[in-house]
Amino acid sequence: MIAQLTLIERQYAIMISAAVAVCGALMILVGRDDAMGIHGALVFLAGILTIFRIGESYFAPAPSDERLAHYYDDPSKVAIVLAMIWAVVGLAVGDWVAWQLVEPDLTFGVAWSSFGRLRPVHTTSVIFGFGGNALIATSLYVLQRTSRARLPDQVSPWFVVYGYNLFCLLAVTGYMMGITQSKEYAEPEWYTDLWLVVVWVVYFLVYLRPLARRKEPHIYVSNWYYMAFILVVAILHIVNNLAVPVSLGHAKSYSAFSGVQDAMTQWWYGHNAVAFFLTAGFLGMMYYFLPMRAGRPIFSYRMSIISFWGITFFYMWAGSHHLHYTALPQWVQTLGMTFSLMLLIPSWASAGNVLLTLNGAWDKVRDDATLRFMMVAGVFYGLTTLEGSFMAIRSVNSLSHYTDWTIGHVHAGALGWVAMITFGSIYATVPWLWKREQMYSPKLVEAHFWLALAGTVIYVFAMWNSGIVQGLMWRTYNESGTLAFSFIDTLVAMHPYYIARAVGGLLFLIGGCVGAYNIWMTIKVPSAVTDLAADVPQPAVVGSGALRAAE
Amino acid sequence: MSFFGLHYRLESKAIGLTLGIIVVASIGGLVEIAPLFTIHQTVEDAPDMRLYTPLELAGRNIYIREGCYACHSQMIRTLRDEVDRYGPYSLAVESKYDHPMLWGSKRTGPDLARVGEKYSDQWHVAHLNNPRDVVPVSVMPAYGWLLMTELRIDDLGLHLKAQRAVGVPYTEEMIANAALDAYAQSNPDSSLADGVTKRYGKATTMRAFDGRPSYLTEMDALVAYLQVLGRLTDAAHKSVAQAGAGQ
Ligand code: HEM
Ligand code: HEM
C-alpha cells in the first residue's frame, strides 16, 4: 500500500506522523501526573509506528502513473477491515454489559470493567468504531464512483482513516481509565475532541475536492447525505464539547454549559448524533448500495429530495423530546414534540423508497441475503422512526422515558437499521473492492443474516416488554393511594427480560463474528480475477443504469 | 421554477449544497437553545443556593468517572408518581452550577436528585463497597477500591479555578484553600474545620464520611457528594409548598 504513494507523499506522511509523535511526547511531559500521560504514550506510539511502517517501504520504486487511471480504494479497504474489528469488539462489550445486568459481579472486582465504564466503551465502539469506519469507507468509495473523480491525493484519506481510529482508541481506553465528560455519545475529553476536529476538517476537504472536480453534472443523492453527515456532525461536536480543562496537563475539563442550558445543548447534540451519524450517513449508504445491488433504479428521486431536506431541517428541532416533563421550559418541549411528529414524513419517504425500489424484485430479495440485509434495514428504519415519533409524544414519553423501552427503541434502530444496512453494504462492496466474483461463502452470509435477525427480534421484544412493565409498575398505586411497588420490585421483574436480551445479543455477536471471518477469507483467498470495470472512472457507472432515478 | 427544478440546479453546485445544509440545519438549534441563555424565567432565583465544597466536587468527579449517570438520573419529572417516590420535582436552579448536568436518561437504578441525607453515611459506605450486602437483589457494581484509594487533593484549587472560568462563583479564598478544605470537611475536629463553614455556609455537612477522620479517601468524597444531592437549596420544597397553598 505504501508503494502506491509517491516519494513526496511518503515524505508528507512521515512529517505528519512525526508531528503526531511530538504531540504525544508533549502530552507525556505535561500529563505525567495524570492519566493523560498514558494517552500521550499511545499517541506517541501511533506516530512512531506509522513512521516505521512508511520507512520500511520508503525506498520502494515509485508507482507508475497508471494508478491515476483507477480510483483510490486502499483507504476504504482498510477502513472496512477496521469497521469489522470494532464491530466484534463493540458487540462483545455490549453483550458483556448485558450479562452484567443479569449477574452484576461479572466485573471481577476491577475498576475498568464496571458497568458505568464499559457502557460507553460499547456505545463508542459500535457507533463511532463500527459505524464511523463503515461510513468513511463507503463514503470515499461512493464519492469517487458517483463523481467520476479520483480522491485528490493519497495522503489525506489515510490521515482521515488512521486519525479517526486513533480518536476512537483514545476514547475507549480513556473511559476504562475514568477519562470521560459524561455527556452521552460525546464522552471523550477535550484533547481527544480537538483531535477529532482536525481529522474531521481534513475529511470534509477530502470529500469536497472530488465533488468540486466531478465529471458528472449532478451530485448524486448519496453524496448529499454524506455531506450533511460530515457538516452537521462537525457543528454538533464543536458546540457541545466547549469546555475549560483543569489545566493543560489534566485530562479533566468542565463543560462551558451548566444545568438546563447544558441539558438542551447535550440533547440537541445527542438527538442529532442519531440523525446525522446514525441516519443521514447510512441513508447515503443505502441510496447507493441498494440500487446497485438490486440492479434497479431508486423508486423516486423526488421522495429522496423531500426526505433529505426534511431530515436536515426537522431533526435539529427534535432534541427536546429527550427532556419532557423536566425543568426545561415547556415551550421548548412542545416544539420538540411537534417537530418529532413531522419528522415521520421525511423518514418514511426514505423507508418507502427502499421498499418501493425492491417492489418487483422480490425474487432477488429471496435469493440474495445481502439484498435481504438491506431490505430488513429499510423495514426497521420505518419501524424505529414510527416508534420514535410515537415516543416523542409527551404522554407516551412519560411512560417510556428512563425505562428499557428507550433501550429497545435504540437497538431497533441500531441493530435493525444501522448494523443491517452496514452489513448489507459491506457484503456488496467487499467483492467489488477486492475484485472477487462473490463473497468467500454465500452460505455464511445467509447464516449471518438469520443470526442477526433473530438476535434483533429477541433483543427488541425483550426490551419492549421490560420497559413497559417497568414504566407501568413505577406508576401503579394501591387502593390506599400509595405507590404499589418499590424500586427493587421492578428490578426483580426485569430479570428474565435481561437474560433474554443478553441471549439475543449473543446471537447478534456470533453473527458479527461469522461476518468478520467471511470477509477475512474473501480477502485472503484469491479467486479467478474478474475484471470489474467499477474501479475505472467511466461514464457507464452513473448517469445511466441503476443510479438514475426511475422518474 | 418549481421546487424540484430549483433543486436540480442546486445539485450541480457543491458549495451551494454545503451552504444550504449549514443554513437549514442551524435554524432549529438557534431558535431553541439561544433563548435559554437570555430569557430570565429559564432558571428560577434561589438566593440560598450554595456551591459544592471542594470535597463534594471531587466526589462529583468520581461519580462522573465511574459512569454512575449511566444508571441513575438526577431529574425528578413533574409527574405525580415521581414526586411521591422521590420528592419535589427538580427545578432548573438546582443544577445551575452543574458543569455538566447529570440529569441522566436511564433509570437502571433509582433517581438520586434528592438522595442527600436519606440514608446514613455507614449505609452508603457499605452499599458502595458491595451493594449486595445491603440490597440483596441489586445489580449495581461493587466499588470496593474507593475505600482503599486515597483522594487526590493537591490540584483541587485548579479544579475550582476552572469551574470559576465557566461561571461558578468560587472566590479567591476558596481556591487558595481548596485542598485543606477538602481535608477538613471530613475531619470535623481539626482546627481547619471552621474555615470550611465560614466559606461554604453553616449548612455544610462536616463529617468523617467513611468513618476514618484522618484518612481521606475517594469514598469520603463520593459519599459527601451523595449526601449533598438535593440539599444545595430549599427552592424545590418551597415551590411545592406554595403550589399546595395556592390550591
Ligand atoms: C450484541 C449486540 C448488542 C448488545 C448485547 C447491546 C447491549 C447494550 C446494553 C446492555 C446497553 C445498556 C443498556 C442500559 O443501560 O440499560 C446498550 C446501550 C446502547 N447500545 Fe447496545 N448492544 C448491542 C449492539 C448495539 C449496536 C450495534 C449499537 C449501535 C450501532 C448499539 C448502540 C447502543 C446505544 C446507543 C446505547 C445507549 C442507549 C441509551 O443511552 O439510551 N448497541 N447496549
Ligand atoms: C423519526 C425519527 C425518530 C424519532 C422522532 C425518535 C425519537 C426518540 C425518542 C422520543 C427517544 C426517547 C428519549 C427519552 O425519552 O429519553 C429516542 C431515543 C433514542 N433514539 Fe430515537 N427517534 C427516531 C429515530 C431513531 C433512529 C433511526 C435511531 C437509530 C439508531 C434512534 C436512536 C435513538 C437513541 C440512540 C436514543 C437514546 C438516547 C439516549 O437516551 O441515550 N432513533 N428517540
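**Exercise 1. Backbone outliers flanking a helix**

In this predicted model, find where A:Phe108 sits and say what is unusual about its phi.

*Solution.* Start with the location: A:Phe108 belongs to the loop between α3 (74-100) and α4 of chain A. Next, check the backbone: phi of A:Phe108 is near 60°, which is positive in a residue other than glycine. Then look at the surroundings: A:Phe108 has a relative accessible area of 61%, so this residue is exposed.

Now move to the other end of α4(A). The helix is followed by A:Arg148, again with a positive phi, near 50°. A:Arg148 is not a glycine either, and its place is in the loop between α4 and α5 (156-177) of chain A. Its relative accessibility is 13%; the cut-off for buried is under 20%, so A:Arg148 counts as buried.

**Exercise 2. The helix itself**

Work out how the span of α4(A) compares with the expected value, and where the helix is kinked.

*Solution.* Take the length to begin with: α4(A) has 33 residues and reaches 45 Å from its first C-alpha to its last. At 1.5 Å a residue you'd expect 48 Å, so the span is close to that. Next, scan the axis: a kink of about 30° shows up, centred on A:Ser125. Finally, check the burial: 33 of the 33 residues of α4(A) are buried, so the helix is largely enclosed by the rest of the structure.

**Exercise 3. Two iron sites**

Which protein atoms are donors to the iron atom of ligand 1, and what is the arrangement around that iron?

*Solution.* Pick out the protein donors: NE2 of A:His122 and NE2 of A:His411 lie 2.0 Å from the iron atom of ligand 1. Then place these residues along the chain. A:His122 is in helix α4 (residues 115-147) of chain A and A:His411 in helix α15 (residues 404-433) of chain A, so the pair links distant parts of the chain, 289 residues apart. Both histidines, A:His122 and A:His411, are buried.

For the geometry, use the angles: the 6 donor atoms around the iron atom of ligand 1 subtend 87 to 180°, which makes the arrangement octahedral. For reference, ideal angles for six octahedral donors are 90 or 180 degrees.

Now try the iron atom of ligand 2. Here the protein supplies a single donor, NE2 of A:His409, 2.1 Å away. A:His409 lies in helix α15 of chain A.

**Exercise 4. Salt bridges in chain B**

For the pairs B:Arg60 with B:Asp98, B:Arg80 with B:Asp84 and B:Glu94 with B:Arg114, decide whether each residue is buried, partly exposed or exposed.

*Solution.* Some context: a search of the whole structure finds 31 salt bridges over all chains. Let's go through these pairs in turn.

- B:Arg60 and B:Asp98 form a salt bridge, with the closest N and O atoms 3.3 Å apart. B:Arg60 lies in helix α3 (residues 54-65) of chain B and B:Asp98 in the loop between α4 (80-86) and α5 (121-129) of chain B, so the pair ties together parts 38 residues apart in sequence. B:Arg60 is buried at 2% relative accessibility, and B:Asp98 is buried at 4%.
- B:Arg80 and B:Asp84 form a salt bridge with the closest N and O atoms 3.6 Å apart. Both lie in helix α4 of chain B, 4 residues apart, about one turn of the helix. B:Arg80 is exposed at 54%, while B:Asp84 is partly exposed at 44%.
- B:Glu94 and B:Arg114 meet at 2.8 Å, N to O. Each lies in the loop between α4 and α5 of chain B, so this pair ties together parts 20 residues apart in sequence. B:Glu94 counts as buried at 15%, and B:Arg114 does too, at 12%.

One more stop in that loop: B:Pro100 is found there, joined to B:His99 by a cis peptide bond with omega of about -5°.

**Exercise 5. Disulfide check**

How many disulfides does the whole structure hold, and why is A:Cys168 not in one?

*Solution.* The search gives 0 disulfides over all chains. For A:Cys168, the closest cysteine sulfur is in A:Cys23, 18 Å away, and that's too far for a bond; the cut-off is 2.5 Å. A:Cys513 fails likewise, because its closest cysteine sulfur, in A:Cys168, is 19 Å away. As for burial, A:Cys168 is buried at 0%, whereas A:Cys513 is partly exposed at 33%.

Key:
Residues are numbered from 1 along each chain as its sequence is written. Chains are lettered from A and ligands numbered from 1 in the order in which they are written. This is a predicted model: local features need pLDDT of at least 70, side-chain atom pairs count only at pLDDT 80 or more; totals for chains, interfaces and linings use all residues. Side-chain values use heavy atoms; hydrogens and water are left out. Buried means under 20% relative accessible area, exposed over 50%, partly exposed in between (1.4 Å probe, protein chains only). Donors are N, O and S atoms within 2.8 Å of the metal (3.2 Å for Na, K and Ca); water is not among the atoms, so sites may look incomplete. Four donors count as tetrahedral if all angles lie between 85 and 135 degrees; four count as square planar and six as octahedral if opposite donors are over 155 degrees apart and all others between 65 and 115; anything else is irregular. Helices (H or I, at least four residues) and strands (E, at least two) are DSSP runs, numbered from the N terminus. The bend at a residue is the angle between axes fitted to the seven residues ending there and the seven starting there. A salt bridge is a side-chain nitrogen of Lys or Arg within 4 Å of a carboxyl oxygen of Asp or Glu.
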